[in-house]
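I set aside this page for what I looked up in one structure, entry by entry. The sequence and the coordinates come first, and my notes follow.

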Amino acid sequence: MSSEKPPFLVLSPALQTYAWGKRGSQSEACSLKASADPDFVIDANQTYAELWMGTHKKGPSVIRHPQPLAGTLLSDWLKMNQWALGEVVATEFGGELPFLFKVLSVNQALSIQAHPDKTRAGELHSRAPDKYPDANHKPEMVIALREFEGMCGFRPFSEIQSWVVAVPELQQVLGDKVTEAVATLGEDASPEDQLSVLRLAFSSLMSADPVAVRGQLEALVKRVRAISSSSLSREEQLVCQLDQLYPGDVGCFCLFFLNVVPLSRGGSLFLPANEPHCYLSGDVVECMACSDNVVRAGLTPKFKDKDTLCDMLTYTSSTPDRFRVAPQKDKQSEFSEIYDPPIPEFAVARVSVPAGAGDFSLPPLQGPSILLVVEGEASLSAGELSYDARRGVVLFVSAQTEVKFSPVDRDQQILMYRAYCQLQS
Ligand SMILES: [Zn+2]
């Protein structure tokens, strides 16, 4: 009976209203939720930050369809229906959905952060479970839905050096000795020497006297504001913007150390453990291992664990290309491109079906997947179950299930994102 082993479930995702989110329907997270849920009323004054599609207990998705299961948490249903994860994934990940899929709508910068690897996550969790609620690691990947800007990884050393030389207020915060160590390191220095000077400089910034940081930041912003805005670098514009949001916060100086990266639609970044990053603005889908472990360094009123952060970072310095994920053609599906980061928990397929393409299907996968419809409308079916898929609809697709689509309007294109776990190709 299909109702006993449904090939897919339609989900109602959880919407998180953090203060950094975009307001009302400007938020893609909110707009997607409202498009698929006739009962949802948009509050134009509310900030809507994240749409959560998965089983995490801070925002679990609820089943909407098929009707007999409506109102059940996906997490509860999966406990009783391990077959839906596929045998290999269920065994490997202890019977849990291994990833959390999200839409983020960022209006103002999130904290500068890094996520611990598995070993350190376990240590932090056992030492301070209130601050580190999970023992798991949290690699994450973003794919831009619209224009997006973020910071990730340390810049090439020569760029950091140039900024230190060019910004006297940063020199004041770092002190003479550290400034000299950065400024005088030659191009022929060994990677080990570069790494240790970078570690010294960043740790000095993080442990600098907050009163001095605030004073120098005020001086920097005042100096930059006096320059004609058309001749400002992106970094100088950004330091003024960030100082308005987080006055006196040491995170404002971090942008001279970290790569500032714009993404256009379809552009992607993968953030492995122990790499500093920060989302500045824009709308993305994000997929991560199911965890909530964040070590924060700046741009936040929350707890900053600077010692842990400075200790855990890799201090690898490079262009942001190291973090980009180039989508690969999906051999099984002509309309899909796959973003497959080097971790087992998840990959994401971007399914872009041009107008006039006619009926198509998505192949069965070894493990579970979550599908989000961003654009277009199609009637979809799998086994005996069917549903009207349109913008904002979120599906959990059981392992080994082929999903067939028949577009409603053949002149309209369809765009979907599918997060999944597959341990063998
Ligand atoms: Zn993060």
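These entries go through the metal site, a strand, a helix, an annotated domain and the cysteines.

Entry 1, the metal site. I kept in mind that this is a predicted model, and I began with the zinc ion, asking which protein atoms are its donors. I found Gln113 (OE1), His115 (NE2), Glu140 (OE) and His277 (NE2), which lie 2.0 to 2.3 Å from the zinc ion. Along the chain I could write the spacing of these donors as Q-x1-H-x24-E-x136-H. When I checked the angles among the four donor atoms, they ran from 85 to 161 degrees, and the site is classed as irregular. I also looked up the exposure of two of the donors, and both glutamine 113 and histidine 115 are buried.

Entry 2, strand E12. I next followed strand E12, which spans residues 277-289, and asked which strands pair with E12. Strand E7 (residues 99-106) pairs with E12 in the antiparallel sense over eight bridges, and within that pairing I noted that leucine 104 has valine 284 as its bridge partner. Strand E9 (residues 140-154) is also antiparallel to E12, with ten bridges between them, and there methionine 151 is bridged to cysteine 278. Twelve of the 13 residues of E12 are buried, so I recorded this strand as largely enclosed by the rest of the structure.

Entry 3, helix H1. I then turned to helix H1 (residues 28-36), where seven of the nine residues are buried, so the helix is largely enclosed by the rest of the structure. The buried residues I listed are Glu28, Ala29, Cys30, Ser31, Leu32, Lys33 and Ala36. At the start of H1, I found a side-chain oxygen of serine 27 within 3.3 Å of the backbone nitrogen of alanine 29.

Entry 4, the annotated domain. An unreviewed UniProt entry gives residues 336-383 the annotation "domain: Phosphomannose isomerase type I C-terminal". I looked at how this span is built and found 0% helix and 56% strand, with its end C-alpha atoms 22 Å apart.

Entry 5, the cysteines. How many disulfides are there? I counted zero, with a disulfide taken as a pair of cysteine sulfur atoms within 2.5 Å. For cysteine 252, the closest cysteine sulfur is in cysteine 254 at 8.5 Å, which is too far for a bond, and cysteine 252 is buried at 0% relative accessibility. For cysteine 421, the closest cysteine sulfur is in cysteine 287 at 9.6 Å, again too far for a bond, and cysteine 421 is buried with a relative accessible area of 0%.

Terms used
Residues are numbered from 1 along each chain as its sequence is written. This is a predicted model: local features need pLDDT of at least 70, side-chain atom pairs count only at pLDDT 80 or more; totals for chains, interfaces and linings use all residues. Side-chain values use heavy atoms; hydrogens and water are left out. Donors are N, O and S atoms within 2.8 Å of the metal (3.2 Å for Na, K and Ca); water is not among the atoms, so sites may look incomplete. Four donors count as tetrahedral if all angles lie between 85 and 135 degrees; four count as square planar and six as octahedral if opposite donors are over 155 degrees apart and all others between 65 and 115; anything else is irregular. Buried means under 20% relative accessible area, exposed over 50%, partly exposed in between (1.4 Å probe, protein chains only). UniProt positions are given in the numbering used here, feature names are shortened, and annotations may be inferred rather than shown by experiment. Helices (H or I, at least four residues) and strands (E, at least two) are DSSP runs, numbered from the N terminus. Two strands pair if DSSP finds at least two bridges between them. A polar contact is a pair of N or O atoms within 3.5 Å; within protein, one must be able to donate a hydrogen and the other to accept it, and residues adjacent in sequence count only if both atoms are side-chain atoms.
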